[in-house]
Amino acid sequence: MHYFHYKNKELSCEEVPLRRIARKVGTPFYLYSYRTLKRHFQAFDSAFAQAPHLICYSVKANSNLAVLRTFFNLGGGADIVSGGELMRALQAGADPQKIVFSGVGKKKEEIKYALDSNILIFNAESSQELITIDSAARKAGKVARIALRVNPDIDPLTHPYITTGLKKNKFGIDIKNSLQQYREARKLKNLEIVGVDCHIGSQLTEIKPFVDALKSIKDLIVQLKKEGVKISFLDLGGGLGITYNEEAPPHPKQYAKALLKELKGLKCTLILEPGRVLTGNAGILVTRVLYTKESEEKNFIVVDAGMNDLIRPSLYGAFQEIVPVKMRSANEIVADVVGPICETGDFLARDRRLPRFRPGELMAVMSSGAYGFVMSSNYNSRTRAAEVMVSGKDFYVVRENESYEDLIRGERIPEFLIHQ
Ligand code: LLP
């Protein structure tokens, strides 16, 4: 459910026609609906209301400060994977006691920063990382609260690039070795074991893999208890999918019901790290048609957003719906929607049935609120797009379009080259 809809045949976000924003901001731009973000968070949060829980929004999905602040205002925390994400979360007003630090390659400096910020939990992914966290904590005169990210070897039935909970993936500690790892961790004096963590993948459209992962973790928690290790937090990661095309993922209510049923009897606070399900359908990318090329063989619609702005179609072959901002009587063609980048892989859609767009018209790429702007780059020295948030009748530029100066910030031509 989202608040992008046609009003008098014109696409609007909440009460603002997109055309108005395009005129002011230029194209391409990302657009987020505050009301949708809020609704998604509340639907997810309230689904778990019966149990002690903490929603740590996965910052990587969309790390704009205004988006983060929206969730923090609603009581959410943050799942971070870098010092940069920690800085963003703190800047946006996160409560450090609601921050969990995930990721397979945490650097010493990042660990120190997180210790100094007094975050809630480090989700550690290897024995070497545990040693590094312990020694950083000792140096800082602190005790680090940790959970081990276990890898339950469960196939989440999603795209191989976003599968994380299989043995062959780089993430976590094999669940079979995890008890031993916990025993080792107990010996480290500057660590306090507080949780178990797992994240099996992203864009899951079925409940079963989540439940299977939870079942194997439950066994681990029971065994740990027998050995005198109290687990206060059970972090199940993120991964709940959304509808891009025809997928029918479970509603957060069904997802929560299935998990809470399994959790009965375990006295832990449940942590969840949703990303895509909160932001994915709360954002779109708006782009303008530059040229069209029609031939017997193939039709192209060339737009001013490229793979540097939205890489999901190129990288994963992902389908994202494309709609015209101004609805017209249907005169359709099958076309590729391509960007200005000098790569054949630069497309937003392939062989898609679309209205016959004309140069100058605006189009919206739906479901772009997660893994959209955050994965954008400056390839081809293209400035990254602006980000805009709508709330009711108003819109706010929450990140300016980059300038040419931004593109060369920090670059220098060394003296020896200047005098040649
Ligand atoms: N927690 C951890 C430890 C994660 O690695 C991820 C996502 C999440 C939570 C949030 O997962 P979500 O609820 O958003 O599924 N770029 C890809 C998705 C990569 C996901 C990486 N990890 C895409 O565009 O589909």
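These legends walk you through close-up views of a predicted model. Local features rest on pLDDT of at least 70 and side-chain atom pairs on pLDDT 80 or more, while totals for chains, interfaces and linings use all residues. Residues are numbered from 1 along each chain as its sequence is written, and side-chain values use heavy atoms, leaving out hydrogens and water.

**View 1. The ligand lies between two domains.** Domain 1 (4-31 + 280-407) and domain 2 (34-276) both give residues to the shell around the ligand, so it lies between them; the bounds come from an automatic or database domain assignment. The shell holds five nonpolar, seven polar and six charged residues, with Tyr counted as nonpolar and Gly as polar.

**View 2. Meet the residues that come nearest to the ligand.** Of the 18 residues around the ligand (a heavy atom within 4 Å), Ser202, Glu273, Arg312, Tyr316 and Tyr371 come nearest.

**View 3. Polar side-chain atoms meet the ligand.** Here we look at polar contacts, pairs of N or O atoms within 3.5 Å. An N or O atom in the Ser202 side chain is 2.4 Å from a ligand oxygen atom, and one in the side chain of Tyr371 is 2.6 Å from an oxygen atom of the ligand. Tyr316 places a polar side-chain atom 2.7 Å from a ligand nitrogen atom. The protein covers 91% of the 590 Å² of accessible area that the ligand has on its own (Shrake-Rupley method, 1.4 Å probe).

**View 4. A cavity lined mainly by nonpolar residues.** Cys198, Ile200, Phe210, Ala213, Leu236 and Gly238 line the largest cavity, a set of 1 Å grid points where a 1.4 Å probe fits but cannot get out, with lining atoms within 4 Å of a point. Five of these residues are nonpolar, one is polar and none is charged.

Technical notes. A polar contact is a pair of N or O atoms within 3.5 Å; within protein, one must be able to donate a hydrogen and the other to accept it, and residues adjacent in sequence count only if both atoms are side-chain atoms. On a 1 Å grid over the protein atoms alone, a cavity is a set of points where a 1.4 Å probe fits but cannot get out, and a pocket is an open set with protein on both sides within 12 Å along at least five of seven lines; lining residues have an atom within 4 Å of a point.
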